[in-house]
Amino acid sequence: ILPQFLKILVISAVTEYQGMGLSVLLPNMLRAYNGQLIPGTDTCNSRMFGDQFLVYSVVMGGTNLLGKAVGYYLYKTMATGHVIRVCSALFTLSYTLLLYFKDTLIVVDVIAGLIRFLYSLNALIMMLVTYDPDVFGKATLLLASSLLIGSENLATVVSIVCDEAFSNATVIGICVAVSVAQLVAATLLKEV
């Protein structure tokens, strides 16, 4: 049960890192884009404009709701391992595309929407797996779910610190690397 738990731990923590990190990364990318539009503007002090707030709320809120609904449907109708593997592959592809198209605002918004959708879908499935007594067994459910939740919280903090400490390109590169780790863990995952 330990190797399976470690794979689920990696998938769960990386999912949280990707999704919560995007919450800070996207505004940082928008401010950097706005700093390019207005020469001589410090990107730390540049602002997000009104239409960008609307896009941000749709990307972060609308895709979140859609991802939860689709995630619950997929959890009930498909094998969980397959859904996690597909999400992991799409995370890797999305962050790789974001690395190459980080200066094109519309592409950034679309890719960020896809990433947030995948995060919501995968996070819901991982939450359902975390509390499923058939996955970890009734005797170890409390310990396993506590460790998973703790790792998710730690991943959230690390993602926010990285977003503030590193450049946007570095953060996206880190997301590509952890997405590959997630994909490897998901590929090795037995059905849950």
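For sorting residues by class, Ala, Val, Leu, Ile, Met, Phe, Trp, Tyr, Cys and Pro count as nonpolar, Asp, Glu, Lys and Arg count as charged, and the others, Gly among them, count as polar. With that in hand, let's look around this structure, which is a predicted model. We'll stop at a cavity, a pair of crossing helices, some cysteines and a few single residues.

**The cavity**

- The structure holds one cavity of 30 Å³ or more, and the space inside the largest cavity comes to about 40 Å³.
- Who lines it? The residues around the largest cavity are M29, L30, Y33, K102, D103, L105 and V108.
- Sort that lining by class and you get five nonpolar residues, two charged ones and no polar ones.
- M, L, Y and V fall on the nonpolar side of the sorting, while K and D go with the charged residues.
- Two helices, α1 (2-37) and α4 (105-130), each bring at least two residues to the lining of the largest cavity.
- The top contributor to that lining is α1, which gives three residues.

**Two helices that cross**

- When two helices pack together, people describe the pair by the angle between their axes and the distance between those axes.
- Here, take helix α2 (residues 50-77) and α4: their axes come within 7 Å and cross at roughly 35°.
- The crossing of α2 past α4 is right-handed.
- Where α2 meets α4, the contact has 17 nonpolar, seven polar and three charged residues.
- Helix α4 turns up twice in this tour, since it also supplies at least two residues of the lining of the largest cavity.

**The cysteines**

- How many disulfides does a search of the whole structure find? The count is zero.
- C87 is in no disulfide, and its nearest cysteine sulfur, the one in C175, is 16 Å away.
- A disulfide needs two cysteine sulfur atoms within 2.5 Å, so at 16 Å the sulfurs of C87 and C175 don't make the cut.
- C175 is in no disulfide either, with its nearest cysteine sulfur, that of C162, lying 8.4 Å away.
- Are these two cysteines buried or exposed? C87 is buried, at a relative accessible area of 4%, and C175 is buried too, at 2%.
- The word "buried" applies to both because the cut-off is a relative accessible area under 20%.

**Single residues worth a look**

- L188 sits in helix α7 (residues 168-188), and it counts as exposed, at 52% relative accessibility.
- The label fits because exposed means over 50%.
- L188 and G81 are 107 residues apart along the chain, yet their C-alpha atoms are separated by 9.6 Å.
- In helix α6 (residues 141-165) you'll find G150, which is partly exposed, with a relative accessible area of 35%.
- From G150 to A13 is 137 residues along the chain, and their C-alpha atoms are 8.9 Å apart.
- S146 also has its place in helix α6, and this residue is partly exposed, with a relative accessible area of 41%.
- S146 and I174 are 28 residues apart along the chain, while 26 Å separates their C-alpha atoms.

Notes
Residues are numbered from 1 along each chain as its sequence is written. This is a predicted model: local features need pLDDT of at least 70, side-chain atom pairs count only at pLDDT 80 or more; totals for chains, interfaces and linings use all residues. Side-chain values use heavy atoms; hydrogens and water are left out. Buried means under 20% relative accessible area, exposed over 50%, partly exposed in between (1.4 Å probe, protein chains only). Helices (H or I, at least four residues) and strands (E, at least two) are DSSP runs, numbered from the N terminus. On a 1 Å grid over the protein atoms alone, a cavity is a set of points where a 1.4 Å probe fits but cannot get out, and a pocket is an open set with protein on both sides within 12 Å along at least five of seven lines; lining residues have an atom within 4 Å of a point. Grid points are joined across faces, edges and corners, and a volume is the space filled by probe spheres set on the points. Axes are lines fitted to C-alpha atoms, for helices over the stretch in contact, and angles run from 0 to 180 degrees between N-to-C directions. A crossing is left-handed if the near helix is turned anticlockwise from the far one by less than a right angle, and right-handed if clockwise.
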